[in-house]
2 protein chains.
Amino acid sequence: MTEPDSASGKSAPAGTSTLDLALRAVEYLVQQSRPAALAQIAEALSSSKATIYRHLVTLQRHGFVRQEPETGRYEAGIKLMVLGEALRQRFDIVSAARADLMTLRDHTGQAVTVCAAIDTELIVLELIQGRTLIEFATRPGTRLAFHASAHGKIWLAFGSKERTAAIADGPLQAWTPATIVTKEALLADLALVRERGWATAPDEVITGVNTLAAPVFDHRQTLVGSIAIVGATQFIPPTPDPDQIREVVGTAARISRGLTWQD
Amino acid sequence: MTEPDSASGKSAPAGTSTLDLALRAVEYLVQQSRPAALAQIAEALSSSKATIYRHLVTLQRHGFVRQEPETGRYEAGIKLMVLGEALRQRFDIVSAARADLMTLRDHTGQAVTVCAAIDTELIVLELIQGRTLIEFATRPGTRLAFHASAHGKIWLAFGSKERTAAIADGPLQAWTPATIVTKEALLADLALVRERGWATAPDEVITGVNTLAAPVFDHRQTLVGSIAIVGATQFIPPTPDPDQIREVVGTAARISRGLTWQD
DNA sequence: AAATGATGTTTCATTATATGAAATGAAACA
DNA sequence: TGTTTCATTTCATATAATGAAACATCATTT
């Protein structure tokens, strides 16, 4: 990121290697689908059993890791879930907007999601489930791609120009055949989004699913969130129903107005 | 430090003090509602700025911590949310049961929650929102009290006897005037729960809110989860409607049957 | 019933490396 | 301009992390 990297690939700036190893252990355990043996973790991280053991003890003491009582093996602890939820609640939008989002869900019948971009990540903060049995919508804590989601396009169209430039210049991964993968197509789509005030991404993330998103601004007119309805293309056509657009854009505007009062 | 433990209640067994400090820093940042200055964190943890700084650099590199670009202050990073979500998906019940839970929501109109106990914690794994505008239900990642929630009573009634004994003998905190706070009353209630196969907690966690919970077992007949409907007492009376009981207990049995097929 | 091979756990000498005080930037403020 | 308030870097010191190998448990196998 802010790395000159000085030719020799020797990038050992500040930081603590002990902590680094321990964090890698946590991430390793989260990735595993079943509890891992100590030796297995040590091997995966190219460290010794004793070292990993001591770190696991401390991690366990804090609840980041848990040990299966029967087998003695280690797995990720629920503290991560608890902290994740505590963190989620810090975002103004989710609490300020819940009632409006419920109304939007009831009016459209579709699932509603809220997203925010933090640095280089676009993350789902809130999900109000729809009424359909089959669930497409992404859950809080999920990361979305900027170029391949309706939420992402809102952030590229109305967010910081630096981010938009960086994303447009970078590689654009295709999730489906419909995903936008060229810079030109993306910029053209973003121009359209700016003009209309809403974005869609039919079949671009999952075939058969569409999302209709709109921006939420705070009192300084800076983008602080995006809201969207998510559903089968059958219910949200590539060019959505005018009623759907009115509902989503109207709800976003209402939430924005609510954020203006604060502060 | 370097203390041969014993004598002074402080037992410093295995573990890593460096890591311990860093984890405390993460927890501190999650607790704060706004970004914290380096010196503030160092002071709170009785450490030096330099030490904390180096740890924050490493934590940031892993996404556990983020630095506000404008002010340079530190706050918790979204990695915690992402890892929390990844962890949640590891539980069989949430994926195996979603369709049934949606149906339960649609039949009862109330919010549906799923819980599991891990060691000494009772945690919400899944939430299907109801159709009412006002939301009572707890979100995934929230911890519940064993003695003061319908989910908790299911775990005390059908879970391990050791846990039940430990909880019943410990202090029972009152959340509302209706919370059960004596061992006798709790054990009597649990006997009733075992007999009926379902549990309620009217007004016991929040006044005006009731929950109706039932147990989910796996193929070995061990308790692996609990499901419940949550709503205003107006909709879920202290003695729920027979239809509601049938729906919840029936859904739990259906999910249990689903888990039997696997493995 | 003894032996084997999985585990996790502890010990201990060795030195790598985390540490704190203070110096240095950098930026906002008055 | 000077002053305050931040984060960041430097550097000598010894704290505290480290790995190899021994130990302890528990199943499973012979």
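Analyst: A residue counts as buried when its relative accessible area is under 20%, as exposed over 50%, and as partly exposed in between, using a 1.4 Å probe and the protein chains only. The model is predicted, so local features need pLDDT of at least 70 and side-chain atom pairs count only at pLDDT 80 or more, while totals for chains, interfaces and linings use all residues. Residues are numbered from 1 along each chain as its sequence is written, chains are lettered from A and ligands numbered from 1 in the order in which they are written, and side-chain values use heavy atoms, leaving out hydrogens and water.

User: OK, what makes strand S4 of chain B "mostly covered"?

Analyst: Strands here are DSSP runs of E with at least two residues, helices are runs of H or I with at least four, and both are numbered from the N terminus. S4(B) covers residues 121-128, and 7 of its 8 residues are buried. With that many residues under the burial cut-off, the label fits.

User: And what makes helix H4 of chain B mostly covered?

Analyst: H4(B), residues 79-88, has 9 of its 10 residues buried. Among them are B:Leu80, B:Met81, B:Val82 and B:Leu83, but also B:Lys79, B:Glu85 and B:Arg88.

User: How do you know which strands S4(B) pairs with?

Analyst: Two strands pair if DSSP finds at least two bridges between them. S3(B), residues 111-118, joins S4(B) over 7 bridges in the antiparallel sense, so that pair passes the test. One facing couple is B:Thr113 and B:Leu127. On the S5(B) side, residues 143-144, there are 2 antiparallel bridges, which is just what the definition asks for, so this counts as a pair as well. There, B:Ile123 is bridged to B:Arg143.

User: What is special about the backbone in the hairpin of S3(B) and S4(B)?

Analyst: The hairpin has 2 residues between its strands, and B:Asp119 takes a positive phi near 55°.

User: Why call S5 and S6 of chain B edge strands?

Analyst: The sheet in chain B is open, with 6 strands in the order S5-S4-S3-S8-S7-S6 and antiparallel pairing. S5 and S6 (199-200) each pair on one side only. For S6(B) the partner is S7(B), residues 209-217, over 2 antiparallel bridges, with B:Ala199 opposite B:Ala213.

User: And what does the sheet in chain A look like?

Analyst: Chain A has an open antiparallel sheet of 6 strands, ordered S5-S4-S3-S8-S7-S6. Its S5 (143-144) and S6 (199-200) each have a single partner strand, so one side of each has no neighbour in the sheet. S6(A) meets S7(A), residues 209-217, over 2 antiparallel bridges, and A:Ala199 has A:Ala213 as its bridge partner.

User: How do you know what symmetry relates the two chains?

Analyst: Copies are superposed by least squares on C-alpha atoms of residues with pLDDT of at least 70 in both. Chain A lands on chain B after a rotation of 180° with 0.0 Å of shift along the axis, at an RMSD of 0.1 Å. That is the relation of a two-fold axis. The same surface serves both copies, too: 100% of chain A's contact residues (heavy atoms within 4.5 Å) recur in chain B.

User: What makes a residue count as near DNA strand D, and how many do?

Analyst: One of its heavy atoms has to lie within 4 Å of the strand. 20 residues surround DNA strand D, with A:Thr51, B:Ser17, B:Leu38, B:Tyr53 and B:Tyr74 the closest. Of the strand's atoms within 4 Å of the protein, 72% belong to sugar or phosphate and the rest to bases.

User: Which side chains make polar contacts with DNA strand D?

Analyst: A polar contact is a pair of N or O atoms within 3.5 Å; within protein, one must be able to donate a hydrogen and the other to accept it, and residues adjacent in sequence count only if both atoms are side-chain atoms. A:Thr51 is 2.3 Å from a phosphate oxygen, B:Lys49 is 3.0 Å from a base nitrogen, and B:Gln67 is 3.4 Å from a phosphate oxygen, so these three pass. H3(A) gives the largest share of the surface near this strand, 4 residues.

User: And which elements lie around DNA strand C?

Analyst: 19 residues surround DNA strand C, among them A:Leu38, A:Tyr53 and B:Arg54. For polar contacts, A:Lys49 sits 3.3 Å from a base nitrogen, B:Arg54 is 3.3 Å from a base oxygen, and B:Ser47 is 3.5 Å from a phosphate oxygen. The elements giving two or more residues are H1 (17-31), H2 (38-44) and H3 of chain A, plus H3 of chain B. H3(B) gives the largest share, 4 residues.
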